[in-house]
Amino acid sequence: MAVTNETFQDTSFIYEEMIIFEMNERTMVKVAVAILMAVFFIYINCVMIFAMSSRMTFMEIPRYILFTHLLLNDSMQLLVSCLMYVFALVYLRLVKVVCGLFVMFGSGMSRVAPLNLALMSLERYAAICLPLRHSDIATPKRSGIAIAVIWLVIFINLIIDMLYSTAKDPGFFVTPIFCTRQKLFIALWQMQVFQGFNAFCFVAVSLIIIYTYIAIIVTARSASSSDKTKASKAHKTVLLHLVQLGLSLSSFLYAPIESALASVSSTTIFIDLRYFNFLFLIIMPRCLSPLIYGLRDDAVRPLFLHYLTCRTRKVKAAVMVQ
């Protein structure tokens, strides 16, 4: 079926009508669970960031710089996602320009995460497959530049959307709306660019991670016995990047699934399914970074536990690059 501007209006209308409901006790419990889970993992992320930033050695190693950036991005996205979810539950109308800022940062951070994973995979590839050049290729300065380029590329498309909406919509600064990404689309090409960019991110990052994974496996097989352990751990790390990529990109499915649920479900069923959709596609993937990467790192784990237990757990922190 061809997608038209009328389709946007129909879908938004159905969704808007079905989202209005009375805030009962059961709903409040579900909201509390989602928000408390997000707040807990934001706290965990902040403790881990503080633990690494307390030792300058971590901030001089590219993979820890990229990991810290991933934690910051996940924490900010959890915060923005929870705020937008609460706005939706209470049917709070936001002025279009305010909604646009929330959506811009939420969408941008959902794209930054997989691209950051690609950088982390390339850093491990350089460490294992190009060990003599690793210190020249992966430097703190280049890591910072790569992060800046990611944010620039991501936000160019989003800023163009905002400027286009500002120019074409006279009520952009005064009209209150129910805040969703679809509500901000005023032209068909905006949705097509949005979906095309998401598809490009998925394909590009997937190819990078798969390539680095295969390259590290090949290198590990031909490595000496002393390097096999290092290479083995690196290819397991890249495999985790691939798993985390799948979880990160699951957030791209949130809006299409929600629109589909709104059009085929009753109000009660829609509210329940929408909650689980939000919990498993938005919240859960953002909560796994500290568990997947931080706690399995021999250098980060003891220092993290030291600060998590309010410094009651003694530790001798030493960063070991592997």
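1. The second largest cavity of this predicted model has a volume of about 90 Å³. The structure holds two cavities of 30 Å³ or more.

2. The wall of the second largest cavity is formed by Gly100, Met104, Leu158, Asp161, Met162, Ser165, Phe172, Arg181, Leu184, Phe185 and Gln190. Sorted by class, this lining comprises six nonpolar, three polar and two charged residues. Asp161 and Arg181 are among the residues that line the cavity, and both count as charged.

3. As to the origin of that lining, at least two residues come from each of H4, H6 and helix H7, the last of which spans 181-184. H6 contributes the largest share, namely four residues.

4. Two of these elements, H4 and H6, also pack against each other. Helix H4 comprises residues 96-129 and helix H6 residues 140-168; their axes lie 9 Å apart and form an angle of about 145°. The crossing of H4 and H6 is right-handed. In the contact of H4 with H6, 17 residues are nonpolar, five are polar and one is charged.

5. A separate point concerns the open space. The second largest pocket has a volume of about 240 Å³. Its lining consists of 14 residues, and those nearest the centre of the pocket are Leu119, Leu122, Glu123, Ile137 and Ala138. Helix H3 (62-89), H4 and H6 are the elements that supply two or more residues to this lining.

6. H4 makes the greatest contribution to the lining of the second largest pocket, giving five residues. By class, the pocket lining contains ten nonpolar, two polar and two charged residues. H4 and H6 thus recur in the description: each supplies at least two residues to the lining of the second largest cavity, and each gives two or more to that of the second largest pocket.

7. The record should be read alongside the model. An unreviewed UniProt entry carries the annotation "transmembrane region" for residues 31-52, 64-92, 144-164, 197-218, 238-255 and 275-295. Two of these spans may be set against the predicted coordinates. Residues 144-164 are 100% helix and 0% strand, with 30 Å between the end C-alpha atoms. Residues 197-218 are likewise 100% helix and 0% strand, and their end C-alpha atoms are 32 Å apart.

8. The annotated span 144-164 falls within H6, which covers residues 140-168. Leu158, Asp161 and Met162, which belong to the lining of the second largest cavity, are therefore positions inside a span that the UniProt annotation, possibly inferred rather than shown by experiment, names as a transmembrane region.

Key. Residues are numbered from 1 along each chain as its sequence is written. This is a predicted model: local features need pLDDT of at least 70, side-chain atom pairs count only at pLDDT 80 or more; totals for chains, interfaces and linings use all residues. Side-chain values use heavy atoms; hydrogens and water are left out. Axes are lines fitted to C-alpha atoms, for helices over the stretch in contact, and angles run from 0 to 180 degrees between N-to-C directions. A crossing is left-handed if the near helix is turned anticlockwise from the far one by less than a right angle, and right-handed if clockwise. On a 1 Å grid over the protein atoms alone, a cavity is a set of points where a 1.4 Å probe fits but cannot get out, and a pocket is an open set with protein on both sides within 12 Å along at least five of seven lines; lining residues have an atom within 4 Å of a point. Grid points are joined across faces, edges and corners, and a volume is the space filled by probe spheres set on the points.
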